[in-house]
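Hi everyone, thanks for making time for this. I'd like to walk you through a structure you haven't met before, so have a look at it first and then we'll go through it piece by piece.

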Amino acid sequence: MGKRIVIALGGNALGSNLPEQMKAVKITARAIVDLIEDGHEVVICHGNGPQVGMIQNAMVELTRSDPEKYIPCPLSVCVAMSQGYIGYDLQNAMREEMLDRGISKGAATVLTQVEVDPEDPAFLNPTKPIGPFMTEAEARALEKDRDYHVMEDAGRGWRRVVASPEPKSIIEIDTIRSLVETDHIVVACGGGGIPVFRTEGHHLKGAAAVIDKDFAAAVLAKQLDADLLIILTAVEKVSIHFGKPDQQDLDRLTAEEVRKYIADGEFAPGSMLPKVEAALSFAESAPGRETLITLLEKARDGINGKTGTIIV
């Protein structure tokens with residue numbers, strides 16, 4: 001029996017510019033169509049950290065060049081832009097790969113809003129990296145010139161950071177569900193979704209934030225009643241004592257074990273920690289639900305129990 005699967009695909013796996021993305025999505029499509037070929041229903045949620053930062057930087061420079069003609073572009077609008085152009089490349093690559101294999105299914109991108117709480121404390125403590133990696137000197141210059149928040153990102157360089165509130169619900173969930181139930185491959189909650197909060201009447205107002213795509217994917221998977229959440233990352237398995245001589249790769253974890261390792265500080269904030277927290281959130285939300293964490297190219301083997309880390 002095929003499973004209903006939500007895949008959280010990292011934005012960095014899509015490249016940091018348009019030419020890189022065009023190449024990356026072809027590799028991504030092959031791995032995902034492997035799962036479709038095996039009979040699974042697939043919904044894709046992707047990151048957008050490099051892309052949304054690139055878009056907003058371009059908008060800032062445009063505004064500076066002619067402030068009377070161009071007005072600053074809100075971060076929520078930049079997230080929407082990133083959903084559109086990443087989804088465009090992903091759905092075309094998926095369609096091409098499926099047709100090459102004789103699979104007749106539609107692929108569609110849903111511009112997705114995700115509700116957040118305007119009182120979420122995350123707005124007072126920006127932690128979500130966006131945009132390109134920089135040297136500390138470059139980051140400090142942006143901090144001074146543009147009043148950005150910056151921080152070192154898991155030993156890979158410095159990046160701008162913005163607020164990352166907790167996702168509450170998917171606004172377009174009925175549309176996404178309808179597409180899945182009519183045999184479409186759906187790209188949704190791109191970049192974690194466009195963060196919005198409810199105001200007077202039925203109005204939804206965009207928030208200056210970027211939602212973590214792994215947490216958004218967990219909420220999406222819950223609301224779609226998915227069987228499996230797959231979080232794709234840069235390592236084949238979750239590890240404890242990571243990077244040390246006694247590093248231990250983990251095959252299977254219970255919720256209790258995950259909580260213990262989190263309490264012990266085994267997972268790096270901004271790197272593996274949010275992934276295991278999102279994995280835990282979905283896996284314990286209902287009996288039978290599981291989360292797989294692994295590499296993109298190992299997703300098929302992970303579903304078949306050959307690799308990856310399963311959280312139950």
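Let's start with cysteine 189. Its sulfur sits 5.1 Å from the closest cysteine sulfur, the one in cysteine 45, and that's too far for a bond. A quick reminder: a disulfide is a covalent bond between the sulfur atoms of two cysteines. We'd want the two sulfurs within 2.5 Å to call it one. Cysteine 189 is also buried, at 0% relative accessibility.

I should say right away that this is a predicted model, so please hear everything as computed from that model.

So how many disulfides does the structure hold? Zero. Cysteine 78 is another one that isn't in a disulfide: its nearest cysteine sulfur belongs to cysteine 73 and is 4.0 Å away. Cysteine 78 is buried too, with a relative accessible area of 0%.

Keep cysteine 78 in mind, since it takes us to the helices. Helix 2 covers residues 49-65 and helix 3 covers residues 75-100; their axes come within 9 Å and cross at roughly 125°. At that sort of angle, helix 2 and helix 3 are therefore oblique to each other. The crossing of these two, helix 2 and helix 3, is right-handed. Who makes the contact? From helix 2 it's Gln51, Val52, Met54, Ile55, Gln56 and Met59, and on the helix 3 side you have Leu75, Cys78, Val79, Met81, Ser82, Tyr85 and Ile86. There's our Cys78 again, on the helix 3 side. If you sort the residues of the contact between helix 2 and helix 3, you get ten nonpolar, three polar and no charged.

If you're wondering about the spacing in lists like that, an α-helix has 3.6 residues a turn, so residues three or four places apart point the same way.

Now compare that with another pair, further along the chain. Helix 7 is residues 255-263, helix 8 is residues 272-283, and they pack at an angle of about 155° with their axes 10 Å apart. Helix 7 and helix 8 are therefore roughly antiparallel to each other. Here the crossing of helix 7 past helix 8 is left-handed. In this contact, Ala255, Val258, Arg259 and Ile262 from helix 7 meet Leu273, Val276, Glu277 and Leu280 from helix 8. That contact between helix 7 and helix 8 divides into six nonpolar, no polar and two charged residues.

Let's zoom in on one of those residues, leucine 273, in helix 8. Is it buried or exposed? Leucine 273 counts as buried, at 17% relative accessibility. Setting aside neighbours within four places in sequence, leucine 273 touches Ile262, Phe267 and Ala268.

Next up is helix 6, residues 213-223. Eight of its eleven residues are buried, so helix 6 is largely enclosed by the rest of the structure. The buried ones are Lys213, Asp214, Ala216, Ala217, Ala218, Val219, Leu220 and Ala221. And what covers them? The cover includes strand 1, strand 2, strand 8, helix 5, strand 12 and helix 8. So helix 8, which we just saw packing with helix 7, turns up here as well.

Strand 1 gives us a nice close-up of that cover. Alanine 8 is found in strand 1, and alanine 8 is buried, with a relative accessible area of 0%. Leaving out neighbours within four places in sequence, alanine 8 is in contact with Cys45, Lys213, Asp214, Ala217, Ile230, Ile231 and Leu232. Lys213, Asp214 and Ala217 are among the buried residues of helix 6, and Cys45 is the cysteine I mentioned at the start, next to cysteine 189 in our sulfur check.

Last stop, two spots in the backbone. Most residues other than glycine have a negative phi, and most peptide bonds are trans. Aspartate 183, though, has a positive phi of about 70° and isn't a glycine. You'll find aspartate 183 in the loop between helix 5 and strand 9, where it counts as partly exposed at 40% relative accessibility. Aspartate 225 also has a positive phi, about 55° this time, again without being a glycine. Look for aspartate 225 in the loop between helix 6 and strand 12. Aspartate 225 is exposed, with a relative accessible area of 52%.

That's the tour, so over to you for questions.

Conventions. Residues numbered from 1 in each chain as written. Predicted model: local features only at pLDDT ≥ 70, side-chain atom pairs only at ≥ 80, totals over all residues. Heavy atoms only, no water. Axes fitted to C-alpha atoms, helices over the stretch in contact; angles between N-to-C directions. Helix = DSSP H or I, 4+ residues; strand = E, 2+ residues; numbered from the N terminus. Parallel < 35°, antiparallel > 145°, perpendicular 65-115°, else oblique. Left-handed = near helix turned anticlockwise from the far one by under 90°. Contact = heavy atoms within 4.5 Å. Nonpolar A, V, L, I, M, F, W, Y, C, P; charged D, E, K, R; others polar. Buried < 20%, exposed > 50% of the residue type's maximum accessible area, 1.4 Å probe, protein only.
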